[in-house]
Structure formats: structure tokens, C-alpha cells
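Welcome! Here are some short exercises to work through with the structure in view, each followed by a worked solution.

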Amino acid sequence: MILSKENFWKSLGFKDLEADEYKRRTTAVELGFFSALGGVFYTVLYSYLGFPNLTVATISYVIVFFINLFLLNILKNYSLFKTIQLLSYLAFPLAAQLIIGGFIQGSAVALASFLAPAGALLYAERKIARRYFYGFAALISAAGVVKFYF
């Protein structure tokens, strides 16, 4: 069996969908792949520069993404995939920034958590995107408070 793009999407359960839903789902998976690719690049770069401990969050994200993709392939449960991805976009950049040492040392890498509400706008409903935006704002504020007082 030759694995074409269409066969790949069908293997994930993306068949017999309306065009808009098909686009949402494929966009979610593609965004995950590109984020994982960025995580791999970040990991290699920081390991090469001598800071391997700074890559824990990105390595964790890449692992979670591929486990999530595997679960999607097995379970065909897109709702679970979507939720795990959005929570990963929210949590792992913030964790990376906290590991690095805060907003200044981490060059505000936690702002990558904005992928959660932006991704929700792309492949979920507005109501869900609004919740992720509020979660993003709360986590960024909490990270600022934690680094200021501790």
C-alpha cells in the first residue's frame, strides 16, 4: 500500500466528511506536525549550544504529539486528539519558559502558547477558542506572578 496524503488522512478516520470539517481536521494534524518539527529543531539547536536541560518541554511536546497521533490512528477519536493538542499548545511553551527562567531569559517563549486559542479558532468552535484564550491569559499572568514573587 502506497501511503499518499489521501490514504494518510483516511487512516486517521478523515473520510466521508464535509469539506469544512475535513479542512479543520487536516489543519489540526498539520499544525501539530509543524509544531513538532519546530520542537525537534529547537531541541537540536539548544543541545548543540550546550543547553540540553532547556529542551525537556519541547521533547515532551514532540513525544505527546506522536502519541496523540497514534491514538487518533487507533481510536479515530478526533475530539480527543483536538483536546490533547490544544492543551499541549497551551502548556508546553509555558513549561519551557519556566524551565528557561522567566520572560526575560526565555525571550517570552510562552507566547507560543497563543497557538492554543489560535489553533482553536482554526479547527474548533469560537466558544472553545474563547476558553483557550482565557486560559492563555490566565497562564501568562500566573507565570508572571510566579516569576516575580518566587
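**Exercise 1.** Is Glu21 buried, partly exposed or exposed?

*Solution.* Start with the relative accessible area of Glu21, which is 22%. Next, recall the cut-offs: buried means under 20%, exposed means over 50%, and partly exposed is in between. Glu21 is therefore partly exposed. This residue sits in helix α2. Keep in mind that you are looking at a predicted model.

**Exercise 2.** Find how far Glu21 is from Ile74, both in sequence and in space.

*Solution.* Count along the chain to begin with: Glu21 and Ile74 are 53 residues apart in sequence. Then go from C-alpha to C-alpha, where the distance comes to 20 Å.

**Exercise 3.** Place Ser107 in the chain, then decide whether Ser107 is buried or exposed.

*Solution.* Look between α4 and α5 (115–123): the loop there holds Ser107. Now take its relative accessible area, 62%. The cut-off for exposed is over 50%, so Ser107 is exposed. As a further step, pick Gln97, which is 10 residues away from Ser107 along the chain; the two C-alpha atoms are separated by 8.1 Å.

**Exercise 4.** Describe the secondary structure and the extent of the chain.

*Solution.* Begin by counting elements: there are 6 helices and 0 strands. Read from the N terminus, the order is α-α-α-α-α-α. Then turn to the C-alpha trace, which spans about 50 × 40 × 20 Å along its principal axes.

**Exercise 5.** What share of the chain is buried, and what share of its contacts joins residues 24 or more positions apart?

*Solution.* The chain has 150 residues, and 37% of them are buried. For the contacts, consider those with a separation of 6 or more: residues 24 or more positions apart account for 61% of them. To finish, look at the surface: the chain exposes about 9000 Å², with 69% of it supplied by carbon and sulfur atoms.

**Exercise 6.** How many positive and negative side chains are there, and how far apart are the centres of the two sets?

*Solution.* The chain carries 13 positive and 7 negative side chains. The centre of one set lies 8 Å from the centre of the other.

**Exercise 7.** Explore the largest pocket and its lining.

*Solution.* Its volume is about 250 Å³. The lining has 15 residues, and Ser35, Thr58, Tyr61, Pro93 and Ala112 are the closest to the pocket centre. Two or more lining residues come from each of α2 (19–48), α3 (56–75) and α4 (78–100). The largest share, 5 residues, belongs to α4.

Note on methods: Residues are numbered from 1 along each chain as its sequence is written. This is a predicted model: local features need pLDDT of at least 70, side-chain atom pairs count only at pLDDT 80 or more; totals for chains, interfaces and linings use all residues. Side-chain values use heavy atoms; hydrogens and water are left out. Helices (H or I, at least four residues) and strands (E, at least two) are DSSP runs, numbered from the N terminus. Buried means under 20% relative accessible area, exposed over 50%, partly exposed in between (1.4 Å probe, protein chains only). Contact means heavy atoms within 4.5 Å. Accessible areas come from the Shrake-Rupley method with a 1.4 Å probe; for residues, only the protein chains shown count as cover. Lys and Arg count as positive and Asp and Glu as negative; His and the chain ends are not counted. The place of a charge is taken as NZ of Lys, CZ of Arg, CG of Asp or CD of Glu. On a 1 Å grid over the protein atoms alone, a cavity is a set of points where a 1.4 Å probe fits but cannot get out, and a pocket is an open set with protein on both sides within 12 Å along at least five of seven lines; lining residues have an atom within 4 Å of a point. Grid points are joined across faces, edges and corners, and a volume is the space filled by probe spheres set on the points.
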